[in-house]
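Me: I'm new to reading protein models. Could you take a close look at one part of this one with me and then show how it sits among the rest?

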Amino acid sequence: MKRQNVRTLALIICTFTYLLVGATIFDALESQKETTQMKELDERKRELLKTYNLSVENFNELETVVLQLKPHKAGVQWKFAGSFYFAITVITTIGYGHAAPSTDGGKVFCMAYALLGIPLTLVMFQSLGERINTFVRYLLHRLKKCLGMRRTEVSMVNMVIIGFISCLSTLCVGAMAFSHFEGWSFFHAFYYCFITLTTIGFGDYVALQKHQALQNNLKYVAFSFIYILTGLTVIGAFLNLVVLRFMTMNAEDEKRDAEQRALLARNGQAGGHHRCSADRASCSSTPSGCGGGGGAGGSGGGGGGGGAASRGLRNVYAEVLHFQSMCSCLWYKSREKLQYSIPMIIPRDLSTSDAYIEHGEAFSNPLHSNGCVCSLQHHSGISSVSTALHSINAYRGLAKRRSSI
C-alpha cells in the first residue's frame, strides 16, 4: 500500500479515536452537572409559576422575550463599531453568536460576505505567518552567530519552541487585559482568549458586552480588535510552521513517486541503446563486450550490460531519494534541506545529460553487497546536483560526462 494511503488511513483512525476519547471524557465531566442544573431550573420554574400565578403559556412567552432582549443588554450592536466586531467574527470564523442578522438582506449579504472573506482571511493569515516565521528564523540565525555558536542553522525544534512560547505569551497577555476590563477571573479570561484565537467561538464569554462598551469605551474596543487580529496572526504563524508541513506531505510524495516512475521508465528504454565509449580493446576484453562479439552473443551481452547500467542508475536514484545509507563518497545534508531540490533536480539531470555507458562487469566485490553505490578504486563523478550533494561516484566501467546544473 502506498505511503499516502497508509498515512491517510492512519489519520482517519486517529481522528475518530480522538473523538471517542473526547466524547467519553466530556460525558464524565459534564453530564452530571447538566442533570443537576436541569432539576434546579425546573424547580425554580415551578416556584415562579406558583408565586406569580402564571400559566405555562405566559411563562413561555416571557421566556421568549427575555431571550430576545439578551443581545441588546450590551447596547446597540449594529452601529459601525459593533458591525466591525461582527465582521471580524464572520471572516475569522469565530462566530460568537452574540449578534446575528435579523433581516433577510443582512442574512444574504452575510453569506456572500463570508464566502469571499473566509478564504481571503485564511490566505492572509497563513501568508503573514510564513513571513513572521522567516523573520524569526533570520533573527535566531543572527543571534546564534553573535553568540559564537558552532551550529548556527535554525532547526524545526527551535522554531516550534519559539512558536509555542509566542502563543502562550499572547494568551497570557490577553487574559490579564480581559480579566481587568471584563471583571472575569484570570482562568475564565484565558479560556476566552483560547476559544477566540482558535476560532472555536462558543459565545459563552464575549468581550465588549458590558456597560455599552462598544459606544462608550473606544480605547478598549480598539484594543480588543487589535488583540484578536494580532493573536490570530501569531496562531496562524504557529499553524503554518507545524500543520501545513503535514498537509503537504501527500502532495510531495505523489510528485516524488511520479518523477521516480518517469525516471525509471526513461532509463529502462534507454538501457538497450547505450553504446560503448571506451576503446575496442577494453570492450573486447570483457565477457559482454559490445562490438567485440558477434551475432546474437554480442547483442545479448550488450543488453545485459545495458540492463546492469540501468539498474545501477535506479539504485543511485533510490539511494539519493530515500537517504537510507551513508557511504564514503556521498555527503548528505538533512532531508529537510534537500526535500524540494532532490526530486526535481535528479530526474532532469539523469534523463537529459549526455551519458555514454560502457558495458562492463557487474559488481563482484563482496564489500558492495550491502547496496552501496560507491567504487573504491574508480571515482568518476556523475553530476553536481547541489551544494548539499557534492558528487556521486560511478560504477566500475561507467563513464559519464559531468553535467552541471
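**A close look around R151**

Reply: Let's start with R151, which is exposed, as its relative accessible area is 62%, and that is over the 50% cut-off for the word. Keep in mind that this is a predicted model. The side chain of R151 meets that of E153 in a salt bridge, with 3.0 Å from N to O. E153 is partly exposed, with a relative accessible area of 34%. In general, side chains of opposite charge can pair when their charged atoms come close.

Now move along to V154, which is found in the loop between helix 4 and helix 5 (156-182). V154 counts as buried because its relative accessibility is 17%, and buried means under 20%. What is V154 in contact with, leaving aside its neighbours within four places in sequence? The answer is R137, L140, H141, K144 and M159. Of these, L140 and K144 are among the buried residues of helix 4. The chain also brings V154 and Y138 to a C-alpha separation of 8.4 Å, although they are 16 residues apart along the chain.

That leads us to helix 4 itself. Helix 4 covers residues 104-146, and its 43 residues should span 63 Å at 1.5 Å a residue. Its end C-alpha atoms are 61 Å apart, so the model agrees with that expectation. Helix 4 also bends by about 30° at A114. A114 is one of the buried residues of this helix, and others include C110, G117, T121 and F125. Just after helix 4, G148 takes a positive phi of about 75°.

For comparison, here are two other salt bridges, from the five that the structure holds. E43 pairs with R46, their closest N and O atoms being 2.7 Å apart. Both residues lie in helix 1, three residues apart, which is about one turn of the helix. E43 is partly exposed, at 38% relative accessible area. The other example is D257 with R3, where the closest N and O atoms are 3.7 Å apart. This pair links distant parts of the chain, with D257 in helix 9 (residues 249-270) and R3 in helix 1 (residues 3-51), 254 residues apart. D257 counts as buried because its relative accessibility is 15%, whereas R3 counts as partly exposed at 37%.

Let's finish with the interior. The largest nonpolar core has 27 residues, and Y85, Y96, F178, Y192, A207, L208 and I228 touch the most other members. Helix 3 (80-91), helix 5, helix 6, helix 7 (213-216) and helix 8 (218-247) each give two or more residues to this core. Helix 8 provides the largest share, eight residues. A207 touches Y85, F178, E182, W184, Y192 and Y220, not counting residues up to four places away in sequence.

One more residue to find is T196, placed in helix 6 (residues 186-197). T196 is buried, with a relative accessible area of 1%. A polar atom of its side chain lies 2.8 Å from the backbone oxygen of Y192. Beyond its neighbours within four places in sequence, T196 is in contact with I94, Y96, I228 and L232. Two of those names, Y96 and I228, should be familiar from the core.

Key: Residues are numbered from 1 along each chain as its sequence is written. This is a predicted model: local features need pLDDT of at least 70, side-chain atom pairs count only at pLDDT 80 or more; totals for chains, interfaces and linings use all residues. Side-chain values use heavy atoms; hydrogens and water are left out. Helices (H or I, at least four residues) and strands (E, at least two) are DSSP runs, numbered from the N terminus. Buried means under 20% relative accessible area, exposed over 50%, partly exposed in between (1.4 Å probe, protein chains only). A polar contact is a pair of N or O atoms within 3.5 Å; within protein, one must be able to donate a hydrogen and the other to accept it, and residues adjacent in sequence count only if both atoms are side-chain atoms. Contact means heavy atoms within 4.5 Å. The expected span of a helix is 1.5 Å times one less than its number of residues. The bend at a residue is the angle between axes fitted to the seven residues ending there and the seven starting there. A nonpolar core is a set of buried Ala, Val, Leu, Ile, Met, Phe, Trp, Tyr and Cys residues joined through side-chain atoms within 4.5 Å. A salt bridge is a side-chain nitrogen of Lys or Arg within 4 Å of a carboxyl oxygen of Asp or Glu.
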